Amino acid sequence: MNWVTIIWSTAAAASFTLAAISLLVWSRKFKARAHAFFALTAIGVTLMAALELLMMQAGTTAEFGTALRWYHVPAWVIIVSLVGFVRLYLRAGRPWLAWTVCGVRTLSLIINFVSTTNLNYREIASLRHIRFLGESVSIPEGVSNPWMLVGQVSLLLLVVFAVDATLTVWRRGARRQALAIGGSIVFFTLAGLGEAILVLWRIIPVPLTTSLFFLAVVGAMALELSIDTLRAGELSEDLRESETRIVLAADSANVGFWSWDFDTGLIWATEKTLEIYGFSPNEKMTFNKFLGVVHSDDRERVGHDARRAFQEVPDFRIECRIVLPDHSIRWISIRAKAYSKPSGEPHRMLGVSLDITQRRQNESEMVELRLELAHLARVLAISELSTSLAHEINQPLGAILNNAEAGKVLLSRDKDRQETIGEILEDIIQDTQRAGNIVRKIRGMAKKSAAHFEPLPVDPLIKDVLKLVNSNLSMNNITLQLDLKPDLADVRGDRVRLQQVLMNLIANAIYAMNNKPSRTLTIRAAMEAPDIVTVSVSDSGTGIDKANQDAVFRPFFTTKKDGLGFGLSICRSILEEHGGRIWGENNPTGGATFSFSLKAWKS
Amino acid sequence: MNAPSLSFSIVDDDLSFGKSLKRLLNARGIAADYFGSAQSFLDCVPPGQLGYAIVDLHMPNCDGLGLLCKMQEMRYTMPVIIITGQAQADARDLAMQRGALGYLQKPFSGESLLELVTKYEANNSIQ
């Protein structure tokens, strides 16, 4: 067993294999230049190992000398490649140091070929044969070449360079990488250097094993590169998982991701996006196809805003309609960001699209509902007092009927005819007008109309409402107290709406005093300020719960068993419309007082 | 139809209506008086007076049924006819239960009022 042959051959073969693999990788991706330098290093090691074997098995000094001469070529390759690898892979090591190392080593290579024998020996006198690993190997004996120093300096410089690079990487935090590559370069170069010196100065009789040392370095580099590949695989896996998670989340939220690449003109889109836009699952989406499904009314706006995103503001936000293949319309909300190349040309746009058809529909339904509710509440306010209203109309009707009948009877007689009939007709006319007014009031309140402001004297305003609610009050045994100051200014308001407010407050007051033994309704009107009139409706009822003093004015708030909760909130809107205020507070003697203030009419 | 010889007392807080009813009865040759409230009726008309009372159901301070009760307490002999502008089904039953002679909903014709009275008189004269 020629161990020397086996070991050195294996070393060369291993190194060659690593080099081949690395070259294959580099051929797939030329940007991975670190792999190229690694391959070069490994090839260098292969050649170095081969030459070392030749030297050890050299028969003549000439053979040895030639081998040693050519030996410096792979040495140069290795050193320069190592420098390159450290610079490209570790991205460390000062450039000027790198160039210096390469420069000095190139110099030593030139000297090697210019010198008589080689860089190391001026002259190889003879070959000694020693036993090494059970074999007989040749080691040289001769006169040293002082120029050898240049080569040794280059190696030292390499060590310095490697130390600097290691420290940089270490500080960066990639400690394993630092030690593996930087450390191995430093260690094994020094080892190689040390060994060479010891051999050349004949201190120890061993052949050069530098190639083995550099094989170790190559091994460390190969290890790092493998770990990198593994990590890349893991990262890619993580990335895929992350992407899947994002797409799943987006899908469940009905959000569609897309990415528009200007160079290819294609829009990458998730399945959800295609679904939202009504495209088939594997269809290729482009901007024109997208514009094609946009509603014709919105198309110009969308195109304009999309273009603007690349020129001015990079944000593209728009809500537009699209028409699906079945002609139905969908509302889409798009939010995207535009990215331009440094030259200013559009590069890509990333965004999300959301189907907001439901939201839009809900919004318009809400608006309609609110209008309906306001109307309904007004109608309800009337119906709450409808019994009293029916009563009010039946009174004048009853009187008209009686009068008409009386008139008929009197016409058949002579006595008292003229005077009495005149009076009868007068009364009939007045009662008919009375009935008509009541009907008009009811219809006015039931109508959805815009507010009509006019100067309103407060006294008749309140008394008109009281006429309507009179029977309700008597029906519920409520005592009415009026405190209307004489100096009240006319207020600026809409008669129907303000009467609605009063009716509502009175209705609430009546309800509040439902089960009370003592029922008193007090209505006051006074000048709060030179141009503000305040009207208040007080009851002797249950009062307002402290917690609810402001809440009572909110929609849907009610303490009535089957109340809708709109009366007071509508009162508040009406007062706001009038530029006034409405508020409620509890009376010290029990019950509540609701007051509202109105601006005086300024002519 | 024979006009009843007794007089009617109209108790209603609605002046226009009260006036019109009085006018109608007078035109038919029937004596009638108008009172604006239960209290003024009780003040002016003694319990023993003969005649009929036409009382509105909804009045402030003392409503129709209240007056009916008071009249029964104070032993008024005149029967009471309840009239009202409301359209409540249970009010009729309640009034009849309390002993009213009749219940009329406004607007009502003079005929319907006198019919009630005539029927009542017919029933009571048999006894």
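Helices (H or I, at least four residues) and strands (E, at least two) are taken here as DSSP runs, numbered from the N terminus. The model is predicted: local features need pLDDT of at least 70 and side-chain atom pairs count only at pLDDT 80 or more, while totals for chains, interfaces and linings use all residues. Residues are numbered from 1 along each chain as its sequence is written, and chains are lettered from A and ligands numbered from 1 in the order in which they are written.

**Exercise 1. Summarise the secondary structure, burial and contacts of each chain.**

Step 1. Chain A contains 16 helices and 15 strands. Chain B has 5 helices and 5 strands, arranged along the sequence as β-α-β-α-β-α-β-α-β-α.

Step 2. A residue is buried if 20 or more other C-beta atoms lie within 10 Å of its own, exposed if 12 or fewer, and partly exposed in between, with C-beta atoms placed from the backbone. Buried residues make up 36% of the 603 residues of chain A and 39% of the 127 residues of chain B.

Step 3. Two residues are in contact if their C-beta atoms, placed from the backbone, lie within 7 Å. In chain A, 64% of the contacts with a separation of 6 or more involve residues 24 or more positions apart. For chain B, 60% of the contacts between residues at least 6 apart join residues at least 24 apart.

**Exercise 2. Describe the side of chain B that touches chain A.**

Step 1. The contacts involve 21 residues of chain B and 23 residues of chain A.

Step 2. Helix α1 (residues 15–27) of chain B gives the largest share of this side of chain B, 7 residues.

Step 3. Ala, Val, Leu, Ile, Met, Phe, Trp, Tyr, Cys and Pro count as nonpolar, Asp, Glu, Lys and Arg as charged, and the others, Gly among them, as polar. On this side of chain B, 9 residues are nonpolar, 7 polar and 5 charged.

**Exercise 3. Trace the sheet of 6 strands in chain A and the helix that packs on it.**

Step 1. Two strands pair if DSSP finds at least two bridges between them. The open sheet has the order β5-β4-β3-β8-β7-β6 (chain A), with antiparallel pairing.

Step 2. Its edge strands, each pairing on one side only, are β5 (285–286) and β6 (315–323) of chain A. Strand β6(A) is joined by 9 bridges to β7 (residues 329–340) of chain A, and A:Phe316 stands opposite A:Ala336 in β7(A).

Step 3. Helix α10 (residues 296–311) of chain A packs on the sheet, touching β6, β7 and β8 (346–355) of chain A, and its direction makes about 160 degrees with that of β6(A). Axes are lines fitted to C-alpha atoms, for helices over the stretch in contact, and angles run from 0 to 180 degrees between N-to-C directions.

**Exercise 4. Characterise helix α2(A) and the hairpin of β1(A) and β2(A).**

Step 1. Helix α2(A) has 24 residues and spans 35 Å from its first C-alpha to its last, close to the 34 Å expected at 1.5 Å a residue; the expected span is 1.5 Å times one less than the number of residues.

Step 2. Because 21 of its 24 residues are buried, α2(A) is largely enclosed by the rest of the structure.

Step 3. Antiparallel strands β1(A) and β2 (residues 135–144) of chain A are joined by 10 bridges, with A:Leu127 opposite A:Pro140 in β2(A). The hairpin has 2 residues between its strands, and A:Leu133 in the turn has a positive phi of about 55 degrees.
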